Amino acid sequence: MEQTPYIKENVSLRRFNTFHIDATALYFIEVNDYKQLSELIESDFLNKNPHLLLGGGSNLLFTNNFNGIVVQIKNKGIESFNSTDNTVLVKAAAGENWHEFVAYCVDKGFGGLENLSLIPGNVGSCPIQNIGAYGVEIKDCFYSLEAIDLKTGELKTFHAIDCNYGYRYSIFKGELKGKFAIWSVTFQLNLNPVVHVEYGAIKHELEAKGIENPGIKDVSEAVCTIRRSKLPDPEILGNAGSFFKNPTVDLKFANKLRESFPKLVSYPLTDGNEKLAAGWLIEQCGWKGFREGDAGVHENQALVLVNYGNAKGSQILTLAYRVLNSVYERFGVKLEMEVNVI
Ligand code: FAD
Ligand code: EPU
């Protein structure tokens, strides 16, 4: 097959995924600018091979070698413009590191993303599952994104209404999966920020520090402290954050569950349904701290599956199904995977 020169062959993906799974990509390319991506599209390489877009690899589980082309999006740049009295539009290239981008906004006094500090990965992936933490999701200050059609090379703008955002969901995880490369994301941020500190853990952290009127920097620091205390650092222990989503059930079902399990951890939703804490359900099934070979369930956070070193992706997936089945048998609740299984 004719190749553009910058495509590498048989590349180990171990350092490109936070689970540190040792899979191999048949072809691998880093894309730094639009010209490189459009050349790749014109070469027909993407249409002739299975392809996978890659950011920071923090929400992926490779269960096999990837017998196609992995395209890592690495374009850079941040610009802010069009500010009104109260808001500023900030556009970041897909290849920017998410946390560094949030830190940039916090430093400039642009409010809105501070609760999402320290989430691994890149800007271009944040819309895929509408990343969220501590009471905020990116959809709350999302303005638009630019994405490149991988068949035609055309650049298309998507506004919030086009993205179909939901809890850990967007159209890019659904009907447009694998069809567009997200190229930049623009947020509308606040120059007079109102902080979101309703989430219990943030409140406690600020109180512990004696901070009464927190600014966005205080919130960002509190979130970083909480995250470091709760979640394993992928540099030390391979993982992809929450492996499953927190399931939603209707009130009637939640009440029935509470009759048998009075300590059920759940949160009311505005539509009358309830979200259950999947970590609690998994812990109740006895999985917390479980380890078989190098695949395990984290000892402090049962929602996080971990690779102690040399687990294969298929071993992590087998464990995930065992967890999922036991939660279903005990509670009648079907967990859904959050991580993208490849
Ligand atoms: P990748 O893993 O590289 O890719 C994820 C998906 O997006 C894949 O399907 C990929 O094909 C696709 N993709 C990547 N880049 C592009 C692009 N430019 N265009 C189109 N498609 C693309 N998530 C949360 O929501 N909240 C959290 O609090 C949270 N905490 C985490 C904590 C830890 C320790 C870890 C390891 C993960 C956590 N995550 C969390 C999950 C993860 O950080 C997010 O999903 C993040 O957005 C993934 O970014 P990434 O660049 O690593 O994406
Ligand atoms: N819990 C347990 N045992 C556990 C873990 C949790 O009982 O082992 C119970 C506790 O009662 C705890 C509650 O579950 O209070 C909630 O746990 P936690 O605050 O750790 O949050 P989570 O629901 O497990 C979600 C997101 C995280 C996000 C945090 C903070 C999902 C799937 N996960 O986790 O996102 O950072 O809230 O907002 O929604 C991710 O998506 O990868 C991720 C890490």
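**Ligand sites and the contact between domains 2 and 3**

In this predicted model, an oxygen atom of ligand 2 lies 2.7 Å from an N or O atom in the side chain of Tyr167. A second polar approach involves Glu283, where a polar side-chain atom is 2.7 Å from a nitrogen atom of ligand 2. Ala302 takes part through its backbone, with an N or O atom placed 2.8 Å from an oxygen atom of ligand 2. On its own, ligand 2 exposes 820 Å², and 82% of that area is buried by the protein. The surroundings of ligand 2 comprise 23 residues, and the closest of these are Tyr134, Tyr167, Glu283, Gln301 and Glu338.

Two of the residues listed for ligand 2 also appear in the description of the contact between domains. The domain assignment divides the protein chain into domain 1 (8–73), domain 2 (78–190) and domain 3 (238–341). Between domain 2 and domain 3, the contact draws five residues from domain 2 and five residues from domain 3. The centres of these two domains, taken over C-alpha atoms, are 27 Å apart. About 520 Å² is buried between domain 2 and domain 3, with 37% of this area on carbon and sulfur atoms. On the domain 2 side, 78% of the area buried against domain 3 is supplied by Tyr167, Arg168 and Lys173, a share that exceeds that of any other three residues. Tyr167 thus belongs both to this trio and to the closest neighbours of ligand 2.

The interface of domain 2 and domain 3 holds one salt bridge by the rule applied. A salt bridge joins the side chains of Arg168 and Glu338, at an N to O distance of 3.2 Å. Glu338 is also one of the residues closest to ligand 2. Four residue pairs are in polar contact between domain 2 and domain 3, counting those with both residues at pLDDT 80 or more. By residue class, the side of domain 2 that touches domain 3 consists of one nonpolar, one polar and three charged residues.

Ligand 1 is surrounded by 33 residues, of which Leu53, Gly56, Ser58, Ser125 and Arg227 come nearest. Side-chain approaches to ligand 1 include that of Ser58, which has an N or O atom 2.6 Å from an oxygen atom of the ligand. Arg227 likewise contributes a polar side-chain atom, at 2.7 Å from a nitrogen atom of ligand 1. The backbone of Gly132 supplies a polar atom 2.8 Å from a nitrogen atom of ligand 1. Taken by itself, ligand 1 has 980 Å² of accessible area, and the protein covers 94% of it.

How values were computed: Residues numbered from 1 in each chain as written. Chains lettered and ligands numbered in written order. Predicted model: local features only at pLDDT ≥ 70, side-chain atom pairs only at ≥ 80, totals over all residues. Heavy atoms only, no water. Domains from an automatic or database assignment. Contact = heavy atoms within 4.5 Å. Buried area = accessible area lost by both parts, 1.4 Å probe. Salt bridge = Lys/Arg side-chain N within 4 Å of Asp/Glu carboxyl O. Polar contact = N/O pair within 3.5 Å; in protein donor to acceptor, adjacent residues only side chain to side chain. Nonpolar A, V, L, I, M, F, W, Y, C, P; charged D, E, K, R; others polar. Near = heavy atom within 4 Å. Areas by Shrake-Rupley, 256 points an atom, 1.4 Å probe, with all protein chains shown as cover.
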